[in-house]
Amino acid sequence: MQNQINPHFLYNTLACIKSIAICNKENEISEIASGMAKILKYNLSSENTATVTKEIEMIKAYLYIQSIRYYDSFSYSISIDEDIKNVEIMRLLLQPIVEN
């Protein structure tokens with residue numbers, strides 16, 4: 001039961017932070033909270049695979065957070081061939097490549 005409550009609590013807390021940030025016109029904080037919520041929800045999924053598009057969406061959220069953390073320390077571009085966007089791959093297969 002505790003394992004179910006903690007992720008749910010974290011997700012709701014991130015949503016609350018995002019709402020407060022929006023009210024205070026703190027767009028950067030809102031986007032970070034939104035990105036973290038997306039990543040948390042994705043990581044909690046029991047699915048073993050995801051489309052390349054979904055993986056890239058998670059990578060973009062991760063890279064946005066890193067770009068705030070390491071302001072102006074790196075740049076990136078992502079280009080994906082249209083033919084593979086809907087291909088199913090193992091979830092989080094690309095994340096270690098991006099991190100390293």
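Three short exercises on a predicted model follow, each with a worked solution.

Residues are numbered from 1 along each chain as its sequence is written. In this predicted model, local features need pLDDT of at least 70, side-chain atom pairs count only at pLDDT 80 or more, and totals for chains, interfaces and linings use all residues, while side-chain values use heavy atoms and leave out hydrogens and water.

**Exercise 1.** Place K18: which helix holds K18, and is K18 buried or exposed, or in between?

*Solution.*
- Find the helix. K18 is in α1 (residues 2-23). Helices here are DSSP runs of H or I with at least four residues, numbered from the N terminus.
- Read the accessible area. K18 has a relative accessible area of 30%. Buried means under 20%, exposed over 50%, and partly exposed lies in between (1.4 Å probe, protein chains only). K18 is therefore partly exposed.

**Exercise 2.** Find which residues K18 touches, not counting residues up to four places away in sequence.

*Solution.*
- Apply the cut-off. Contact means heavy atoms within 4.5 Å.
- List the partners. They are S30, A33 and S34.
- Look at these partners in α2. S30, A33 and S34 are among the buried residues of that helix.

**Exercise 3.** Compare the reach of α2 (residues 27-44) with its expected span.

*Solution.*
- Take the length. Helix α2 has 18 residues.
- Set the rule. The expected span is 1.5 Å times one less than the number of residues.
- Compare. From first C-alpha to last, α2 reaches 26 Å, close to the expected 26 Å.

Notes:
Helix = DSSP H or I, 4+ residues; strand = E, 2+ residues; numbered from the N terminus.
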